[in-house]
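Subject: Structure handover

Hello,

Here is the structure I promised to pass on to you. Please have it open while you read, and my notes on what turned up follow just below.

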Amino acid sequence: MKKVIYQNFPIVTDEFEVFDEALYKIMEKDATGDVFYYYKDGTFLEMWKREKYFVYALYPSNSYFCLYKEFYASNGYIMRKGIDYVRGFAKGLWYDFDEKGILVKTTDYDAPFTFSFEDILAYCRAHRIEVTKGYQRIGFHNEIHRFVNADGSCYWTIEHLKRDDLIEAIYLDGKTGKEIKREDIEYINN
């Protein structure tokens with residue numbers, strides 16, 4: 001199988017980490033204490049603290065993917081981390097840690113899918129459906145999601161703006177890529 005190299009693909013490892021409190025402290029925050037920061041190269045950083053967990057999300061410029069990490073609020077130790085498609089699903093290996101920082105679970109979110117994200121990209125190109133890259137804050141942006149059913153079957157959804165007032169959702173089999181169905185969803189742009 002040919003390995004695909006993505007532009008600005010974030011790197012994630014199974015190594016222990018601690019929330020970067022020093023970075024959080026120096027960053028400008030909104031009224032709720034959340035960090036939303038664009039670097040000069042277009043990379044976007046989100047950091048926030050909630051009662052039970054902290055989040056660090058980095059969206060490299062012009063990338064399909066972002067690096068997502070959750071930390072325990074009690075001690076700042078890593079809780080879980082992995083790579084997300086910027087508009088919809090977990091990709092590749094994700095790592096879960098206990099509150100002591102011990103790796104307790106590794107999940108391969110690509111495993112059940114033989115019709116891959118690369119195949120989805122080719123499908124979208126063939127059907128002239130734009131695939132979102134980078135962080136998108138406002139407006140409607142096409143989304144790609146994937147799901148695994150209890151019986152082990154899996155499928156993809158592609159939601160794109162068909163008209164100004166209509167979203168088309170396309171469902172594709174996660175193993176074969178065969179179209180399962182299409183449905184129209186009313187869209188009201190506020």
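**Glu46 and its surroundings**

Let me start with Glu46, which sits in strand 2 (residues 44-49). Please keep in mind that this is a predicted model.

Is Glu46 buried or exposed? Its relative accessible area is 8%, so Glu46 counts as buried, the cut-off being under 20%.

Which residues surround Glu46, once its neighbours within four places in sequence are left aside? Glu46 is in contact with Val35, Phe36, Val55, Tyr56, Ala57, Tyr59 and Tyr135. One of these, Tyr59, also has a polar contact with Glu46, made between the two side chains at 3.4 Å. You may also like to look at Leu58: 12 residues separate Glu46 from Leu58 in sequence, and their C-alpha atoms are 6.4 Å apart in space.

**Salt bridges**

Next come the charged pairs. As a reminder, side chains of opposite charge can pair when their charged atoms come close. How many salt bridges does a search of the whole structure find? The search gives 12, and three of them are described here, with the N to O distance for each.

- Asp96 and Arg80: their side chains form a salt bridge at 3.3 Å, N to O. This pair links distant parts of the chain, with Asp96 in strand 6 (residues 90-97) and Arg80 in strand 5 (residues 78-85), 16 residues apart. Asp96 has a relative accessible area of 16%, so it is buried, again by the under 20% cut-off.
- Glu168 and Lys162: the side chains meet in a salt bridge at 3.9 Å, N to O. Glu168 is buried, with a relative accessible area of 7%, whereas Lys162 is partly exposed at 43% relative accessibility.
- Asp165 and Arg163: the closest N and O atoms of this salt bridge are 3.0 Å apart. Asp165 is partly exposed, with a relative accessible area of 39%, and Arg163 counts as partly exposed at 48%.

There is also a network to look at: salt bridges that share partners join Lys162, Glu168, Glu179, Arg182 and Asp184. The Glu168 and Lys162 pair from the list above has both its residues in that network.

If you would like a place to begin, try the side chain of Glu46 and its polar contact with the side chain of Tyr59, then turn to the salt bridge between Asp96 and Arg80.

Happy viewing, and best wishes

Technical notes:
Residues numbered from 1 in each chain as written. Predicted model: local features only at pLDDT ≥ 70, side-chain atom pairs only at ≥ 80, totals over all residues. Heavy atoms only, no water. Helix = DSSP H or I, 4+ residues; strand = E, 2+ residues; numbered from the N terminus. Buried < 20%, exposed > 50% of the residue type's maximum accessible area, 1.4 Å probe, protein only. Contact = heavy atoms within 4.5 Å. Polar contact = N/O pair within 3.5 Å; in protein donor to acceptor, adjacent residues only side chain to side chain. Salt bridge = Lys/Arg side-chain N within 4 Å of Asp/Glu carboxyl O.
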